[in-house]
Amino acid sequence: MKTTTTPAARAGRREWIGFAVLMLALLLVSMDVSVLYFAVPFISAELRPSATEQLWIFDIYGFVLAGLLITMGALGDRIGRRRLLLIGATAFGAASLLAAYADSTATLIAARALLGVGGATLMPSTLALVRNMFHDAKQRGTAIGVWTATLTGGIALGPVLSGILLEHFWWGSIFLINIPAMLLLLLLAPVLVPEFRNPATGRFDLISAALSLGALLPVIYGIKEMARDGVSPLRVLAIVGGVAVGALFLHRQRTRAYPMVDLALFRRRGFAGSLAVNLLAMFALVGFAIFTTQHLQLVLGLSPLRAALWSLVPSLAVGGVAPAAAALAQRVERAYLIGAGFGIAVVGFAVLTRVTPETPLWLLLVGASVYAGGLVMVMSLVTELVLGAAPPEQAGVASALTESSSELGGALGMAILGSVGAAVYRREIVDGLPAGLPAGAGDAAQETLGGALAVAQGLPAELADAVRHAAAVAFTDGLHLAAYAAMAVMLLGAVTALAALRGVRPADSAALAAEPTGPADPSLSSVSR
C-alpha cells in the first residue's frame, strides 16, 4: 500500500507579521546582554557600586538567563508557549522600568536578575513558536535563519544603541527602550501568534527545575570567572558542584514518567550532534569577540563608540548569510554546508593571524566578517536540525537545549581562548618592555594590555611609546595563537558535522506528528489562536 504525505501548509501574511513581532522581542533580549558596555561610567557616578557589585550588574542577567533556559522551555511546553511568551514580556517590561529608575545598586542588580528571568522565557518561546508557525520546511528554514541573525545581531547592536542613547539621555534610557516593544508584543501576539501546549506532560517538576538551575548556573559562573580572573579553588568547586548536580538532574529525568527533558531526544539521529556542533560554533564566535573589540579600542586607539560602530561591520556583512544558507540547504545536504561553514570560519581566522599593530583596520574587519559569516551559517542550519529532530510537542525544551549549548559554548570560548591569549601576552611582553621603568610599572604592564596602556600614561613620551608598542605586539601575538586554536576547533566542528549529521535532514511536521512519542497529544492536529 502506498503512503501519501499531505504537503505542509504554507505560512501566510499573518504568520510573517507575527514572526516580525517575535523578532523585535528577541532583538531586545539579545541586546540586553551587551547594552551596559557604555553605561557603566554613568551608573558608577550615580549609584557608586563597589567593584564586585559592578561585576554583578554586568553578569547577573546572563547567569540567570542561562540557568533558567531549560526550565522555561519545558514550562512553555506545558502551559503554552504563547502564554509563557506573554508572561515573559510582562516581566521583561516591568524589570526594564525598575532598572531604568533604580536608585541603588541592589535595586539595579535585582532588576537585571528579573530581566534574565524574562529573557529566559522569551528566547526559547520565540524559537519554539517558529516551529509551530512555519510547517513548510523551506519557510521554516528561512525563519530560523532570520532568528539566528537577529540573535547575533542584537548582541552586536547593543553597545551601539547604548552609546547613541547616552549621548542624549540619562543611563536609564537604555532600559526604557524595551518597554514599547514589549507592549507591542502583548497587544499583537494574542492575535497573530498561535498557541501551542503539550497536555501529555504531567505535573511540572519543581525539583528538576531546581536541579537544572543548580547544574547550569555554577558551571557557567565558574567558567566565566576563570576567564576573567584565572583559576581559583572556589571557581573549580563551582564547576565540579554544577557537574555533580547535573548528574542528579539526568538521573531524575531517566526515572520519571514525565521528565522535564526527555532523554530519548538524544537518541534521535542528529540531535546530540547538532547541539555539539552549535557549542563549537559559539565557542569561537563568542570566545574570539574579546580580541577584536580590544584590538579596535586598545591597539588602534578608537573611542568606545567608534569601536562599537566598526564592530557592526561584520554583523552587517553577514546579515543575509543565514537566510541564504537556508535556501541553499534545499539543494545541498546540510552536513556538507555546515562543514563548509566551519571551513569558511577557518579562512577568517587565518586572515586574523596576519593582523599586526601596524596593519590597517580593514584587514581585521575582513577576517572578522569571514569567520562570523561561516559561523552564522553553521548556527542557523544546526538550529533547524535541532528543531527538526524534536517532535513538535517538545520544541520548547529543544529550543532551550540549543540556547543552553550556546551559553556554555560561549563561556568555554571566553575561558579557553582568553586564557591562551593572556598566557602569550604575559610571556611575550617580558622581553619587549624597555629598561628604566619605575618600580612596579613592569608588573602592572605584564598583567593586561589595558594595564600597560595605563602605565604608559604616566611615563615620558619616548618610554611610553615603547611600552605601548611592546604591549600591542604581545597582544597581537596572543591574538594569533588564539586564532590558530579557533581554527583547530573549527576543523573539529567540520569533522563532527560530517560524522554525526550526514544524511540528517529536518523532518516535516506531518512526519514528526506521526511518530510515536508517548501519550496521545490532541494538540498536534491543530493549534488554537
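The following questions and answers concern the helices, pockets and cavities of a predicted model.

Q: How many helices and how many strands does the protein have?
A: The secondary structure of this predicted model can be stated as two counts. The number of strands is zero, and the number of helices is 21.

Q: Which radius of gyration does the protein have, and why does this agree with a compact globule?
A: The C-alpha trace spans about 85 × 50 × 45 Å along the principal axes of the protein. For 529 residues, a compact globule would have a radius of gyration near 24 Å. The value for the protein agrees with this, because it is 23 Å.

Q: At what angle do helix H1 and helix H6 pack?
A: Two packed helices are described by the distance between their axes and by the angle between those axes. For H1 (residues 13-31) and H6, the axes are 7 Å apart. Their crossing is right-handed. The angle of packing is about 35 degrees.

Q: How many nonpolar, polar and charged residues make the contact of H1 with H6?
A: On the side of H1, the contact includes Trp 16, Phe 19 and Met 23. On the side of H6, Val 146, Trp 147 and Leu 151 are among the residues that take part. By class, the contact has no charged residues, six polar and 13 nonpolar.

Q: At roughly what angle do the axes of H16 and H17 cross?
A: H16 covers residues 361-389 and H17 covers residues 395-432. The axes of H16 and H17 come within 9 Å, and they cross at roughly 150 degrees.

Q: Which residues of H17 make the contact with H16?
A: The crossing of H16 and H17 is right-handed. H16 contributes Thr 383, Val 386 and Leu 387 to the contact. The residues of the contact divide into four nonpolar, three polar and no charged. From H17, the contact is made by Ala 395, Ala 398, Ser 399 and Thr 402.

Q: Which elements give two or more residues to the lining of the largest cavity?
A: The largest cavity holds about 60 Å³ of space. Its lining includes Trp 147, Thr 383 and Thr 402, and by class it has three nonpolar, five polar and one charged. The elements that give two or more residues to this lining are H6 (137-168), H16 and H17.

Q: Which helix gives the largest share of the lining of the second largest cavity?
A: The count of cavities of 30 Å³ or more comes to two, and the second largest has a volume of about 40 Å³. The second largest cavity is lined by Val 40, Ile 43, Ser 44, Pro 49, Gln 54 and Ile 57. The elements giving two or more residues to this lining are H2 (40-47) and H3 (51-79). The largest share, three residues, comes from H2.

Q: Which helix gives the most to the lining of the second largest pocket?
A: About 520 Å³ of space lies in the second largest pocket. The elements that give two or more residues to its lining are H9 (206-229), H10 (233-255), H11 (271-287) and H17. With six residues, the helix that gives the most is H10.

Q: How many residues of each class line the second largest pocket?
A: The second largest pocket is lined by 20 residues. Of these, the closest to its centre are Ile 70, Leu 216, Leu 250, Leu 401 and Leu 408. By class, the lining has no charged residues, five polar and 15 nonpolar.

Conventions
Residues numbered from 1 in each chain as written. Predicted model: local features only at pLDDT ≥ 70, side-chain atom pairs only at ≥ 80, totals over all residues. Heavy atoms only, no water. Axes fitted to C-alpha atoms, helices over the stretch in contact; angles between N-to-C directions. Helix = DSSP H or I, 4+ residues; strand = E, 2+ residues; numbered from the N terminus. Left-handed = near helix turned anticlockwise from the far one by under 90°. Contact = heavy atoms within 4.5 Å. Nonpolar A, V, L, I, M, F, W, Y, C, P; charged D, E, K, R; others polar. 1 Å grid on protein atoms, 1.4 Å probe; cavity = no way out; pocket = protein on both sides within 12 Å on 5 of 7 lines; lining within 4 Å. Points joined across faces, edges and corners; volume = space filled by probe spheres on them. Rg over C-alpha atoms; globule rule 2.2 N^0.38 Å.
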